[in-house]
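Let's take a walk through this structure together. Keep the sequence and the 3D view open as you read.

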Amino acid sequence: MKKVIKNGTIVTASDTYFGDILIEDGVIVMIGVDLDAQNAEIVDASGCYVFPGGIDPHTHLDMPFGGTVTADDFESGTIAAAFGGTTTIIDFCLTSKDAPLSKAVEAWHAKSKGKAVIDYGFHLMIGEVNDDVLFELPQMIEEEGITSLKVFMAYKNVFQADDGTLFKTLQLAKEHGALVMVHAENGDVIAYLIEKALSEGQTEPIYHALTRPPVLEGEATGRAAALTELADSQLYVVHVTCAEAVWKIEEARKKGLRVYGETCPQYLMLDQSSLAKPGFEGAKYVWSPPLREKWNQDVLWNALWSGSLQTVGSDQCSFNFNGQKDLGLGDFSKIPNGGPTIEDRFSILYSEGVHKGRLSLHQFVDVIATSSAKLFGLFPQKGTIAIGSDADIVIFDPHCKRTISAETHHMKVDYNAFEGLEITGEPVSVLVRGEFIVRDKQFVGQPGSGQYLQRKRFNQPEKLPVKEQTMGGA
Ligand code: URP
Ligand code: ZN
Ligand code: ZN
Ligand code: ZN
């Protein structure tokens, strides 16, 4: 059935206006004033913003890591995402050196199919560039539409790849039109610092932060940017936490390099002191790279404002405090890294960004949706409100206040790192391809209704719409 969203204030990365949106067969077919709503269901958005659905470019659902598996899978994780205003995620497909890439992708399809309630794509981890990878990769890009490749510069003896692998991946990405993503930390030096700390009896969660100093994130970011320059390729630095890394990205961008960066709500809101909380509570705040000294938060907000960083991902990677994080009791290096953030990413960015005057409404939409759509080959199908785009829409009440808590969140995990944070603004209803999945704050979606997204190549030019081509062709 057709739907018309009426009386809302439509906001995109470039415009704000009052108007109606007509939706048919899952896409936006008309935008205008006082649209004829005959034969259409009327959805009233009075007093609300109408945003494009959030795109979370960085999630880990149903992922084995640190001797356990994330608490949220594609069902609970995408339901939580939907409540929070996110309608598309791109999840990291882990690969292993001794199995074909296609096996890993199959495994990720098996985890997500029949479960996801929002649309999803995959990034592909590259651990080694061997003959098999050289053979398979073009297929993954062409046929699976996986147009972003992830290289870990840290997690020695687990995921870490060497610089040669990173460089070869950058060259392949240039050749085939993919975007290379890096987890930028110097894994070798970190491994040494961890060993040294443990041998000196330093086992508490705070040593997680102290053995991964910001200079090692800055160093790896600069190294990845240098290799990108040499390969004339493109780089996206995930979860940027600190000034040292922001400066390296800025330096690269000033040279005109295609280097992009993402930060996460946890780095904008939380700081290193949380890791020192007594009674092992610090384990709740163990991410890699770690939370930093508080002053870095201003650097990150300013980088979003100035455009040095383009996106905010959640890096959703949830582990229960009881039964998972406690694997690291007595040895901080065994605390599973990551936290639950998929649900609150959108609202925190609105509340702390727009409501507190750190971002404009347009910058908010850009970092929460539009930039990711553009960088990851989904624009303009996703990431905006425009004729022809998927009707992925968030009806958002900017006045409503709530307090973030594990007692009310929808993630399947026993704590929330933002517990007690009071925020302003909340999604009221959320549509994916024209269908409600959250309506008046109630979940009404169906597991399995989310679709797999084959993404376009990096910077692939848009085809002109057919009508315009004939008009301009004379
Ligand atoms: O601590 C984190 N970030 N866990 C998830 C894996 C990664 O490095 O992105
Ligand atoms: Zn990472
Ligand atoms: Zn991650
Ligand atoms: Zn209101």
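**A guided tour**

Our first stop is Asp62, which you'll find in the loop between E6 and strand E7 (64-65). Bear in mind that you're looking at a predicted model. Asp62 isn't a glycine, yet its phi is positive, at about 50°. That's worth a pause, since most residues other than glycine have a negative phi. Is Asp62 buried or exposed? Asp62 counts as buried because 20 other C-beta atoms lie within 10 Å, and 20 or more is what the label asks for.

Now step back from that loop to strand E6, which takes us into the sheet. Picture an open sheet of 8 strands, paired in the parallel sense and ordered E6-E9-E10-E11-E12-E13-E14-E15. Strand E6 (54-59) and strand E15 (311-312) are its edge strands, each pairing on one side only. On its paired side, E6 runs parallel to strand E9 (residues 86-93), and 4 bridges link the two. If you'd like one pair to look for, Thr59 has Asp91 in E9 as its bridge partner. Helix H1 (residues 74-83) packs on the sheet here, touching both E6 and E9, and its direction makes about 145° with that of E9.

Move further along the sheet and you come to strand E10 (residues 119-125), joined to E11 by 2 bridges, with the two strands running parallel. Here Leu124 has Leu149 in E11 as its bridge partner. How many of the residues of E11 are buried? The count is 5 of its 5 residues. Both faces of the strand are covered: Ser148, Lys150 and Phe152 are buried on one side, and Leu149 and Val151 are buried on the other.

One residue of strand E11 deserves its own look, and that's Lys150. UniProt, in an unreviewed entry, gives this position the feature "modified residue: N6-carboxylysine". Why does Lys150 count as buried? It has 25 other C-beta atoms within 10 Å, and the label needs 20 or more. Leaving aside residues up to four places away in sequence, Lys150 touches Phe92, His123, Leu124, Met125, Ile126 and Met181.

Follow the chain onward into the loop between strand E11 (148-152) and helix H4 (163-176), and you meet Tyr155. Like our opening residue, Tyr155 has a positive phi without being a glycine, this time about 70°. Tyr155 counts as partly exposed because it has 18 C-beta neighbours inside 10 Å.

Next, find ligand 1. Around it sit His60, His183, His239, Trp287, Ser288, Asp315, Cys317, Asn337 and Gly338. Sorted by type, this shell holds 2 nonpolar residues, 6 polar ones and 1 charged one.

Ser288 from that shell leads us to another detail. A cis peptide bond joins Ser288 to Pro289, with omega at about -10°. Pro289 belongs to the loop between helix H9 (265-269) and helix H10 (296-306). The bond from Phe379 to Pro380 is cis too, and its omega is near 5°. To see that one, look in the loop between helix H12 (361-375) and strand E16 (393-403), where Pro380 lies. Both are worth finding in the view because most peptide bonds are trans.

Key:
Residues numbered from 1 in each chain as written. Chains lettered and ligands numbered in written order. Predicted model: local features only at pLDDT ≥ 70, side-chain atom pairs only at ≥ 80, totals over all residues. Pairing = 2+ DSSP bridges. Contact = placed C-beta atoms within 7 Å. Axes fitted to C-alpha atoms, helices over the stretch in contact; angles between N-to-C directions. Near = placed C-beta within 6 Å. Nonpolar A, V, L, I, M, F, W, Y, C, P; charged D, E, K, R; others polar. Buried ≥ 20, exposed ≤ 12 C-beta atoms within 10 Å, placed from the backbone. UniProt positions renumbered as here; feature names shortened; annotations may be inferred.
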